[in-house]
Structure formats: structure tokens, C-alpha cells
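Got the viewer open? Grab the selection tool and follow along.

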Amino acid sequence: MNLVTIDEIHAAAKRVAGVALRTPLLPQLWASPAKLWLKPENLQQIGAFKVRGAYNAIAALDEKTREKGVVAYSSGNHAQAVAFAAKQFGVPAVIVVPDVTPRIKVEATLSHGAEVVEVPTGQRESAAYAIAEERGLTLIPPFDHRNIIAGQGTAGLEIAEDLPDVEVVLIPVSGGGLASGIGTAIRALAPNAKIFGVEPELAADTTEGLKAGHRVDWPVEKRVRTIADGLRSQPSELTFAHLQVVLDGMLTVTEDEIREAVRVLARRAGLIAEPSGAVSTAAFLFHADEFPDGKTVAVVSGGNLDPAALGELLG
């Protein structure tokens, strides 16, 4: 399969410059003597890394196609990202979300002027394709797209530039776009680093698939058990092919470990992370014996957490 290249990621970086925030690497003294830096993508304007891929994909469309509008399906963060990016270009956006999506994410999407269509969890993708055909809109998928992967990879460029001697990178995995993009950038620019994907034990389809050497299907009823609502998707053929090449391994974390990581990020790092964004930190906290010792970057992928849920997690 033809994989995304570092040149595509560099091109994406030029498109998203000035729109996607260049997030800093934050050294964590509380983790001493371990060496930990956090990549706080929760600081993006929409609260998650997804703005990188969404903006890059929409920016890459020709003007006539873009003017007709876009449609996307998402559990929340990609929804906000597409709505936000479409607003920057002044084009209409329709976002299909599961009817269990946290209200904070739905309301944020609406605030960017998008039309939101809520459907049962298993129907969001088919509904988005139907709307795209019916209205003549361009589908912007959450991860199964070269320009999405390249856009997410811009975070990897920043990691390699800010910490050239990085030794370990921990990345949340769901559909695999973020890990595919960051992994591609790190492989090209910091080839000695080890790259690990992280996912919840209750949605560990990628871990199982990579061990088997092919994608495996976990029914949605099984994946929705995890508190990490942004990590309930499964890789596509495109992203799985990238993960097979760029990842050195997968780590899985428990629900209690995820909850504790949210608390640690809030209390020790001063960062609000949603459970999906905290899994890489959970891997650092509880599974450090499963990856090499060294300068480690944990990607905090998002922070769109309902205040009530945050209060409950912080206890």
C-alpha cells in the first residue's frame, strides 16, 4: 500500500500553520527521575489534535469542491474540527454524531455553525455517506484519508524538532490516524525513537490485530464499554498498514488507570484531559516496564471533558 510520506506531512504543516497551534513539549518534573514530556494537544482551539487533519483535508480541496460544503462523522472531536475548519473557509458543514456523544462536544460543534445530525452509534458512517451523496458534499473522514493522516503528522514534526533525541513516543490509538501520522514523522526525523500506540483494554482491537498480522473486528457493543469515548473506532486498511510499519508495539491500559491518569494530569501537570487523551500518560504511569527507559513524549490528544464528568473523575 502507498503510505503517506514525510513530504506530505511537511506540505500539511504549511497549510495548517497559523490555524493549528504549535503545541509545546512540557517537561514534567514530577515524573523525576523518569524523563517525561507531554505534548498537550488539548490546548488546540477545538480542544484536540483533530484540527490538524481536518483543516489540512479541507484546505487541500479545490475551491469549487470546497464551496459546496463538507460532511463528517465523529464521536465528537473530529466533529468540532471539521466544523471549525469549514467555518474558517466560510463553507457549510454537516456533522453526523452518535446519539451518545457528550453534550459538551455537540454544543461545541454547533457553536461553529455546523448542522448536527444525531444517529445511533452504529449508523453514523452510513448516514454521513448518504448525506454526502444526497447533498453533493465532500466527506471528510476522521482518519481514513491521506490528508487527514498527513495533517495529524504535523504534531510529529513538532516533537522531532523540539526534542530531536526523543527516545520513546506514546500515542493514543483509535482509528489510527494520529499514530499513523506522528509515527511517519518520527520514523523519518528521529529514527532511533521507539513508538508505541496506546489503547484501552476494553477497546484493544488494534493490539489484537497487530499481533495477528491483520485487522480484527470488535463489535461496537464491546468497544463502547470504555470510558475513553474517543477511542472506540477501529483502524481502516490505510491506517492499519501505517501502524504495521511505524509502531514498535502496543500498550493497553485499564479503566482505573485511565481515570488515575486524568487525575494526575489535572493535579500534577495542570492539564484537563479527557479519558481518551489521558491513555498515553496512563501507559507511562503504569506500564513503564513495557517500553525502553529514556526521554519519553506522551501525547495528550484532547481535553473536551464535560465538567460534571471531570468533577466525578477528580473526586
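The tour has three stops: a covered helix, a loop residue and a helix pair.

Before you click, note that this is a predicted model, where local features need pLDDT of at least 70, side-chain atom pairs count only at pLDDT 80 or more, and totals for chains, interfaces and linings use all residues. Residues are numbered from 1 along each chain as its sequence is written, and side-chain values use heavy atoms, with hydrogens and water left out.

**Stop one.** Select residues 50-59, helix α2 (helices are DSSP runs of H or I, at least four residues, and strands runs of E, at least two, numbered from the N terminus). Nine of its ten residues are buried (under 20% relative accessible area, 1.4 Å probe, protein chains only), among them R52, Y55 and N56. Now show what covers them, including α1 (6-16), β2 (36-40), α4 (77-89) and α7 (146-162).

**Stop two.** Go to T101, in the loop between β4 (93-98) and α5 (103-111). T101 is buried, at 6% relative accessible area. A polar atom of its side chain sits 2.8 Å from the backbone oxygen of P98. Leaving aside neighbours within four places in sequence, T101 is in contact (heavy atoms within 4.5 Å) with S74, S75, G76 and V106.

**Stop three.** Select α8 (177-189) and α11 (237-246): their axes (lines fitted to C-alpha atoms over the stretch in contact) come within 9 Å and cross at roughly 40 degrees. That makes α8 oblique to α11 (neither under 35, over 145, nor 65 to 115 degrees). To see the contact, show G177, A179, S180, G183, T184 and R187 of α8 with T239, H242, L243, V245 and V246 of α11.

Terms used
Axes are lines fitted to C-alpha atoms, for helices over the stretch in contact, and angles run from 0 to 180 degrees between N-to-C directions. Buried means under 20% relative accessible area, exposed over 50%, partly exposed in between (1.4 Å probe, protein chains only). A polar contact is a pair of N or O atoms within 3.5 Å; within protein, one must be able to donate a hydrogen and the other to accept it, and residues adjacent in sequence count only if both atoms are side-chain atoms.
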